[in-house]
Amino acid sequence: MGRKYIGIELGEHAITHCYPRLKQVVDGEQGGISKAVNWQGGGGFKFYTLAPSLLKKDKFGQWIMSDEYNADMLAAAMAKQEGFKYNPSETQFWKQGNSSEQDFIFTTTQFLTVQQLEAIAEDMQAGESLLVCCKAFQTECKNKFPNITIKKIPQLLLDRCEFGKDDYSLNIVNIPQEDNQEDYDVEEEIENGEEVVDTKENNQKSLFD
C-alpha cells in the first residue's frame, strides 16, 4: 500500500513475536489474508532498540548524567542529539563529530579550563568552529573564542524539554539527519527481502556502534 508505520513495544515479545512476524511478511509467508490478496512479499523494516536515559536525578534531586554511559557512549549520544555525525578523528581528540567539513563537536566529562581551551583553539584551523559539551567549565572560558561555543550537558538537554505537559512532547531542534544507513542503531535491517545481520557476538547494534 506504500505506507510507512512506526511501532513501539515494551517487553521481550517485541523480539520473540513482533520481529519474527514482520520478517515472515517481508519474506512472503502465506498466512492471514496473504493468499486472498496474492501477497508475494517485499517491503522492509528497521528494528531499533532504545538507548538508556542519558540523564537521571541524584539523591539530592539534581539532574546528572547516567552512569550507564562511558565517555565514548556519551560523546556519541551528544553528537546525535546535537545534529552531528559521530566520527572521532584519529589524530585530534577534540574532533569527535562534525556537521560539516569545518563544524565540530567535542564532549568531555572533565572540568574545562582556560588552558585546555586555549590548547584546542591553537590546534584549530581558520574557518573551523567547535561546540564543546562539558559538565562544568571555568567562567573565563565562556566567551574566550568567537568560534568556540561551550554548553553544560545536563542543562543543554533539559532546555529542550517542555515540562508540565502530559503528552511527552519534546522541543527538539536540529534533529539529526542520517545520510548513511550504517549509522542506524538497528539490531537487524531488512530491505526489499534482503537481510543484513550484524556479526557481533550478541547480534545487536546499539546507538553507539
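I began with Arg21, which is partly exposed in this predicted model, its relative accessible area coming out at 42%. I then looked for its partner and found that Arg21 forms a salt bridge with Glu29, where the closest N and O atoms are 2.7 Å apart. Glu29 has a relative accessibility of 19% and so counts as buried, because the cut-off for that class is under 20%.

I next ran the search over the whole structure, and it returned 5 salt bridges; I followed up two others among them, as noted below.

For Lys56 and Asp67, I found that the side chains meet in a salt bridge with an N to O distance of 3.5 Å. I placed Lys56 in strand E2 (residues 55-57) and Asp67 in the loop between strand E3 (63-65) and helix H2 (71-81), so the pair ties together parts that are 11 residues apart in sequence. I also checked accessibility here: Lys56 is partly exposed at 32% relative accessible area, whereas Asp67 is exposed at 64%.

I turned last to Glu128 and Lys95, whose side chains meet in a salt bridge at 3.2 Å, N to O. This pair links distant parts of the chain, 33 residues apart, with Glu128 in the loop between helix H3 (114-123) and strand E7 (129-137) and Lys95 in the loop between strand E4 (85-86) and strand E5 (97-98). I noted that Glu128 is buried, with a relative accessible area of 8%, and that Lys95, at 13% relative accessibility, counts as buried too.

Definitions and conventions
Residues are numbered from 1 along each chain as its sequence is written. This is a predicted model: local features need pLDDT of at least 70, side-chain atom pairs count only at pLDDT 80 or more; totals for chains, interfaces and linings use all residues. Side-chain values use heavy atoms; hydrogens and water are left out. A salt bridge is a side-chain nitrogen of Lys or Arg within 4 Å of a carboxyl oxygen of Asp or Glu. Buried means under 20% relative accessible area, exposed over 50%, partly exposed in between (1.4 Å probe, protein chains only). Helices (H or I, at least four residues) and strands (E, at least two) are DSSP runs, numbered from the N terminus.
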